[in-house]
There are 2 protein chains.
Amino acid sequence: MTDTRLDVAETLKTLPAWRPHDGDRAAISRSLKFADFNAAFGFMTRVALMADKMDHHPEWSNVYDRVEVLLTTHDADGVTDRDVTLARFIDRAAADMGAIS
Amino acid sequence: MTDTRLDVAETLKTLPAWRPHDGDRAAISRSLKFADFNAAFGFMTRVALMADKMDHHPEWSNVYDRVEVLLTTHDADGVTDRDVTLARFIDRAAADMGAIS
């Protein structure tokens with residue numbers, strides 16, 4: 001598969017909940033907070049199902065009601081349309097699950 | 001609830017897959033690797049159900065087939081029997097799910 005690298009700053013104009021990763025890799029990240037662990041892990045489960053279907057997986061962590069998500073495309077060494085597609089799904093799932101932030 | 005803090009080094013003698021957290025908190029951690037994302041997230045789902053039932057939640061992260069788990073008891077500012085109980089469940093679930101490490 002050949003994925004085209006996107007410009008991160010340009011891409012983030014259409015993803016207001018996301019920010020550029022502040023590490024040394026081209027990636028985008030979003031911090032989410034839910035009502036409780038049940039909501040947070042329910043959100044993660046929805047994203048996991050979609051991610052595995054896309055064969056494009058997030059790097060993420062969870063502490064109780066909080067989830068940190070980082071998206072990048074390793075094959076392209078940057079951010080691609082696959083990250084944007086998954087980011088948009090994450091935004092919809094977060095809204096559905098009543099994400100507080 | 002009053003949880004008694006356990007000595008981490010003593011506790012880890014009975015949890016060989018776990019190590020002391022190398023940060024500034026009294027905690028124990030385990031790194032796990034599975035066959036693929038499906039196995040890793042299946043493991044996480046089993047642990048999530050148990051954790052929410054216990055009302056005692058891990059701090060954890062996942063990148064594809066790898067899961068990092070940290071256990072500590074915030075109320076006690078250290079490691080307690082609740083962490084040991086969850087760690088033992090995690091070890092059994094990891095074995096069931098064919099954890100490679």
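How do the residues of the lining of the largest pocket divide into nonpolar, polar and charged? I opened the notebook with this question, keeping in mind that I am working on a predicted model.

**Entry: the largest pocket**

I looked up the lining and found that it divides into three nonpolar, five polar and four charged residues. The space in this pocket comes to about 270 Å³. Chain A contributes A:Asp55, A:His56, A:His57, A:Pro58, A:Glu59, A:Thr72, A:Thr73, A:His74, A:Asp75 and A:Arg82 to the lining, while B:Val63 and B:Tyr64 come from chain B.

**Entry: the second largest pocket**

I then turned to the second largest pocket, in which about 230 Å³ of space lies. I noted that 13 residues line this pocket, and that those closest to its centre are A:Tyr64 together with B:Asp55, B:His56, B:His57 and B:His74. Its lining divides into four nonpolar, five polar and four charged residues.

**Entry: the sheet**

Next I traced the strands, and I recorded an open sheet of eight strands with antiparallel pairing, whose order reads 1(A)-2(A)-4(A)-3(A)-3(B)-4(B)-2(B)-1(B). At its edges I found strand 1 (19-20) of chain A and strand 1 (19-20) of chain B, each of which pairs on one side only. Within chain A, I checked how strand 3 (residues 59-63) meets strand 4 (residues 66-71), and the two pair in the antiparallel sense over five bridges. In that pairing A:Val63 stands opposite A:Arg66 of strand 4 of chain A.

**Entry: the helices on the sheet**

I asked myself which strands helix 2 (residues 37-54) of chain A lies across. The list holds strand 2 (28-33), strand 3 and strand 4 of chain A, joined by strand 3 (59-63) of chain B, and the helix runs at about 165 degrees to strand 3 of chain A. Helix 2 (residues 37-54) of chain B likewise packs on the sheet, where it touches strand 2 (28-33), strand 3 and strand 4 (66-71) of chain B as well as strand 3 of chain A, and its direction makes about 165 degrees with that of strand 3 of chain B.

**Entry: how the copies are related**

Finally I looked up the superposition, and chain B falls on chain A with an RMSD of 0.0 Å after a rotation of 180 degrees with 0.0 Å of shift along the axis. The two copies are therefore related as by a two-fold rotation axis. In chain B, I noted B:Ser61 as the residue whose C-alpha is nearest the axis, at 1.9 Å from it. The same surface serves both copies, since 100% of the contact residues of chain B recur in chain A.

Conventions: Residues numbered from 1 in each chain as written. Chains lettered and ligands numbered in written order. Predicted model: local features only at pLDDT ≥ 70, side-chain atom pairs only at ≥ 80, totals over all residues. Heavy atoms only, no water. Pairing = 2+ DSSP bridges. Helix = DSSP H or I, 4+ residues; strand = E, 2+ residues; numbered from the N terminus. Contact = heavy atoms within 4.5 Å. Axes fitted to C-alpha atoms, helices over the stretch in contact; angles between N-to-C directions. 1 Å grid on protein atoms, 1.4 Å probe; cavity = no way out; pocket = protein on both sides within 12 Å on 5 of 7 lines; lining within 4 Å. Points joined across faces, edges and corners; volume = space filled by probe spheres on them. Nonpolar A, V, L, I, M, F, W, Y, C, P; charged D, E, K, R; others polar. Least-squares fit on C-alpha atoms with pLDDT ≥ 70 in both.
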